[in-house]
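Okay, can everyone see the screen? Let me put the chain up and then walk you through what I noticed.

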Amino acid sequence: VQLVESGGGLVQAGGSLRLSCAASTTAGRVGSMAWYRQAPGKQRELVAVIADGGAFRYADAVKGRFTIARDSARSTVSLQMNSLRSEDSAVYYCNVAIIRFGRPVDYDNWGQGTQVTVSS
């Protein structure tokens, strides 16, 4: 499984960024797609996840500000981040689950990470 992320950067508080991730696999198909983030000294945390059927869930800290979307035909997932705050600064990671024989069997697939820095 290969995941290629793009879209991080430096933005002022209140600004917006859009992250993208493209997944490719030769064994199985892409199931749920998610974004996690990890700030210095903190554990990696779930930001948003979207299932292959389209259901989604957000961390409370980003509800109303972030939007996750996917294009299943292209196996891509995006994260539109608006009204960014300094506490959103972190390395953001794309994560996907791989489905084989009709069920998710592999969740440990991560992108290289992209830095998001929000200046106050």
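So, Phe 101 sits in the loop between S9 and strand S10, which covers 103-106. One caveat right away: this is a predicted model. The phi of Phe 101 is near 55°, a positive value, and the residue is not a glycine. Most residues other than glycine have a negative phi, which is what made me stop there. As for the side of the protein it faces, Phe 101 counts as exposed, at 85% relative accessibility. In soluble globular proteins, nonpolar side chains tend to be buried together, so keep that in mind when we get to the core.

There's another residue with that kind of backbone angle. Ser 83 has a positive phi of about 50°, and it isn't a glycine either. You'll find Ser 83 in the loop between S8 and S9. Buried, exposed or in between? Its relative accessible area is 40%, so Ser 83 is partly exposed, given that exposed would need over 50%.

Okay, zooming out. How many helices and strands does the chain have? Zero helices and eleven strands, so reading from the N terminus you just get β-β-β-β-β-β-β-β-β-β-β. The radius of gyration is 14 Å, close to the 14 Å the globule rule gives for 120 residues, so the chain is as compact as a globular protein of that length. Along the principal axes, the C-alpha atoms fill a box of roughly 50 × 25 × 25 Å.

A few more whole-chain numbers. Of the 120 residues, 40% count as buried. The accessible surface comes to about 6500 Å², with 48% of it belonging to carbon and sulfur atoms. If you take contacts with a separation of 6 or more, 55% of them are between residues 24 or more positions apart. And on charges, there are 13 positive and 9 negative ones, with mean positions 3 Å apart.

Now the core. The largest nonpolar core has 28 residues, and the ones with the most contacts inside it are Trp 35, Leu 79, Met 81 and Tyr 92. Strands giving two or more residues to this core include S3 (17-24), S4 (29-38), S5 (45-50) and S11 (114-119). Which strand gives the largest share? That's S9, with five residues.

Let's look at Met 81 up close. Leaving out residues up to four places away in sequence, Met 81 touches Gly 15, Ser 16, Leu 17, Leu 19, Arg 65, Phe 66, Tyr 92 and Val 116. Tyr 92, you'll remember, is on that list of best-connected core residues too.

Next, Thr 67, over in strand S7. Thr 67 counts as partly exposed, at 43% relative accessibility. Again skipping residues up to four places away, Thr 67 touches Tyr 58, Ser 78, Leu 79 and Gln 80. Thr 67 and Arg 18 are 49 residues apart along the chain, and their C-alpha atoms are separated by 9.4 Å.

Last one: Arg 74, in the loop between S7 and S8. Arg 74 is exposed, with a relative accessible area of 61%. Arg 74 and Ala 23 are 51 residues apart in sequence, while in space they're 8.1 Å apart, C-alpha to C-alpha.

Okay, that's my tour. Over to you.

Terms used:
Residues numbered from 1 in each chain as written. Predicted model: local features only at pLDDT ≥ 70, side-chain atom pairs only at ≥ 80, totals over all residues. Heavy atoms only, no water. Helix = DSSP H or I, 4+ residues; strand = E, 2+ residues; numbered from the N terminus. Rg over C-alpha atoms; globule rule 2.2 N^0.38 Å. Buried < 20%, exposed > 50% of the residue type's maximum accessible area, 1.4 Å probe, protein only. Contact = heavy atoms within 4.5 Å. Areas by Shrake-Rupley, 256 points an atom, 1.4 Å probe, with all protein chains shown as cover. Lys, Arg positive; Asp, Glu negative; His and termini not counted. Charge placed at Lys NZ, Arg CZ, Asp CG, Glu CD. Core = buried A, V, L, I, M, F, W, Y, C linked by side-chain atoms within 4.5 Å.
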